[in-house]
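Visitor: Before we begin, I would like to learn how the words used for a protein model are justified. Could you show me the structure and let me ask about the reasons behind each term?

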Amino acid sequence: MKKLALIYPNQRWLKNDVNTTWDLNPVTLCQLAAMVKHMVNVFIIDAQFYDLSIGDFRKKIENIGPDYVGISVLSSEYGETLDISASIIKDIDKDVVVIAGGIHPTIEYEDVAWNPDVDYVVRGEGEYVLIDLLSYLDGSGILPKEGLVFIDPSNNLVVQNQVIVSDLSSLPFPDYSYVNLHDYLVKGPRHGPLRPPELPYLRVNITRGCPFGCSFCQVESINGKKVRYRDPVDVVDWLISIRDEYGIKSILFDDDQLLGKRSYFTRLLELIIEKNLSLKFIINAFAIFLVTDEQLKLLNRAGCVGVNVAIESGSERVLKEIVMKPVKLDQAICKIKKIKEFGMFCIANFIIGFPGEKWSEIRQTISYAENCGADYVKFFAAVPLKRTKLWDLMVDTDSYDGNIENWSVEWRFGQISSDEWSSKDVSILRAYEWDRVNFGTPEKRLRIAELWGVSEERLDVIRKNTRDAVVSMLRGGE
Ligand code: B12
Ligand code: SF4
């Protein structure tokens, strides 16, 4: 059988910043491995998790001697790690077929396809496309008609339609036998309130897609508007088997829209209770505008300890006209109260600095966040990502603070300006109001240290680093 190496590059080849580099969990690579293991010998190299140097990575590839390498890159911020790994692979053997996939290649497929070290870009959900592509490459099938972007022999860019898997239940679960899963389960993501409630833990993704089309969000361009679900019975049985095999104690649900279909979410919670899963869990994207009181009751019984809700703005106008998220501000406050009454913590997320937002509306968001009752609030500067409505709005209003040709992802600082405020105002306000709203009293500081799982002294260091980063940005990144 031919050999396929599936890899995550190491983001530290680009920068080593504890605030932005995350370990990824191997779900994507193990999902793809499960699909094609009958066709090829699969090897997984997670250069990020094991912090492989470029030299170590090179040696691993040389030792495997793959025929095909699949590189997965999640966020555009680390897009260049794809180029670095592809060039190493081609330098070792130019005949290795390099296939790029993941969120970054899905969004920026043209740029990635023009990289001479990349042979094929898989755009969108890659399970079936990879099977078809491998069949084509080994001569047993034809060139797939959808899901690929590549440069043809006449040097033309070919962009096929993106693929969405219609029936998630037809997919196998990730095959974790290709990695040492235990290593991942005992190393939680960095500190913070969304860390696993207990180790060992598993990150889980059982749905894809979201119908709401919020202006800043890329999910529509990645997974489409139709929400698809794995069968809840299969999910709970699978979780029980992983729990028993690896002794996991908690779960982080990573779905974009777990609550998209009311009956599905309710059934999932009922099954978790009926089958006695007995694991603590956190829901990372919890649609507060969809959850019912009945579901909140079930959530608590099912083992949920906390939820992360996105309210985005404290202004109904901004929500409706700019963000396009159907949150009702009064209702969100009632739900947060109930979430806490049921013994779960609630983190609330807000975004400030949209094109067309007034300074008074930004202030309204801060004030709402302060009074919404959440245990902890986060403020983000609006980030215009490509293939979102926010990107188009930014272009239409000419509100990007700089030369759009040189745009790059920036999560910590504002990138948009208006007649009333500058991107720097947003960067400063965001950091200092985060500090004031969350740590204004000794009680709040203590509560948040508990949520983060750090000492109050450590929390003070994190707060200082956040302020220092803004000061450094204002001084031009010295
Ligand atoms: C879960 C998640 C995380 C998790 C972990 C993800 C993981 N896999 O380990 C954590 C919390 C760590 C995380 C962190 C971040 N995330 Co995130 N995350 C997600 C989320 C919700 C789901 C991703 C996922 O796991 N999907 C399930 C797997 C199975 O799907 P997949 O990876 O897409 O793989 C499929 C295809 O892409 C393709 N594929 C992928 N790789 C390959 C390779 C080959 C060879 C082939 C053939 C196919 C292929 O086939 C796979 C199967 O269909 C997405 C939203 C989304 N819908 O994608 C945001 C998302 C990717 N995250 C985002 C962001 C911004 C971040 C952070 C920057 C946040 C921050 N400010 O720190 C960090 C950066 C992490 C990093 N350094 O790279 C943005 C990315 C925007 C962008 N274009 O850059 C997204 C799109 C959210 C959004 N609303 O816009 N994230
Ligand atoms: S509800 Fe969440 S996942 Fe859906 S479009 Fe809005 S931000 Fe994206």
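Guide: Ligand 2 is a good place to start, and its surroundings consist of Cys210, Phe212, Gly213, Cys214, Cys217, Val219, Asp256, Gln257, Ala285, Ala287, Ala310 and Lys325. Please keep in mind throughout that this is a predicted model.

Visitor: What makes a residue count as surrounding ligand 2?

Guide: The cut-off is a C-beta atom, placed from the backbone, within 6 Å of the molecule, and the residues that surround ligand 2, including Cys210 and Lys325, are listed on that basis. Sorted by class, this shell has 8 nonpolar, 2 polar and 2 charged residues.

Visitor: Which residues come nearest to ligand 1?

Guide: Among the 40 residues around ligand 1, the nearest are Leu24, Gly70, Ser72, Gly101 and Gly126. By class, the shell around ligand 1 divides into 17 nonpolar, 18 polar and 5 charged residues. At least two residues of this shell come from each of α1 (27–36), β3 (68–72), β4 (97–101), α4 (103–107), α6 (127–137) and α8 (219–223).

Visitor: How many residues does each domain give to the shell around ligand 1?

Guide: Domain 1 (3–159) and domain 2 (180–474) each supply at least three residues of that shell. The centres of the two domains, taken over C-alpha atoms, are separated by 29 Å, and their contact takes 14 residues from domain 1 and 13 residues from domain 2. On the side of domain 1 that touches domain 2, α4 gives the most, with 3 residues.

Visitor: Why is Ile282 called buried?

Guide: A residue is called buried if 20 or more other C-beta atoms lie within 10 Å of its own, and Ile282 has 25 C-beta neighbours inside 10 Å, so Ile282 counts as buried. Ile282 lies in strand β12 (residues 280–286), and, leaving aside its neighbours within four places in sequence, Ile282 is in contact with Leu194, Pro197, Leu252, Val305, Gly306 and Val307. Leu194 is 88 residues away from Ile282 along the chain, yet 7.4 Å separate their C-alpha atoms.

Visitor: Is Met324 buried, exposed or partly exposed, and why?

Guide: Met324 has 17 C-beta neighbours inside 10 Å, a count that lies between the limit of 12 or fewer for exposed and that of 20 or more for buried, and therefore Met324 is called partly exposed. Met324 is placed in the loop between α12 (316–323) and α13 (329–341), and the phi of Met324, near 65°, is a positive value in a residue other than glycine.

Visitor: Why does Glu312 count as buried?

Guide: For Glu312, 26 other C-beta atoms lie within 10 Å, and because the term buried asks for 20 or more, Glu312 is buried. Glu312 is found in strand β13 (residues 304–312), and the phi of Glu312 is near 75°, again a positive value in a residue other than glycine.

Visitor: Why is strand β1 said to be largely enclosed by the rest of the structure?

Guide: Strand β1 (residues 3–8) has 6 residues, of which 5 are buried, so β1 is described as largely enclosed.

Visitor: How do you know that β1 pairs with β2?

Guide: Two strands pair if DSSP finds at least two bridges between them, and 6 bridges join β1 to strand β2 (residues 41–46), so the two are paired, and they run parallel. One of the bridge partnerships sets Lys3 against Asn41 in β2. There are also 4 bridges joining β1 to β3, in the parallel sense, and there Ile7 has Ile71 as its bridge partner.

Visitor: What makes β8 and β15 edge strands?

Guide: The open sheet of 6 strands has the order β8-β11-β12-β13-β14-β15, with parallel pairing, and β8 (201–204) and β15 (376–381) are its edge strands, each pairing on one side only. β8 pairs with strand β11 (residues 250–253) over 4 bridges, and Leu202 stands opposite Ile251 in β11.

How values were computed
Residues are numbered from 1 along each chain as its sequence is written. Chains are lettered from A and ligands numbered from 1 in the order in which they are written. This is a predicted model: local features need pLDDT of at least 70, side-chain atom pairs count only at pLDDT 80 or more; totals for chains, interfaces and linings use all residues. Ala, Val, Leu, Ile, Met, Phe, Trp, Tyr, Cys and Pro count as nonpolar, Asp, Glu, Lys and Arg as charged, and the others, Gly among them, as polar. Domain bounds come from an automatic or database domain assignment. Two residues are in contact if their C-beta atoms, placed from the backbone, lie within 7 Å.
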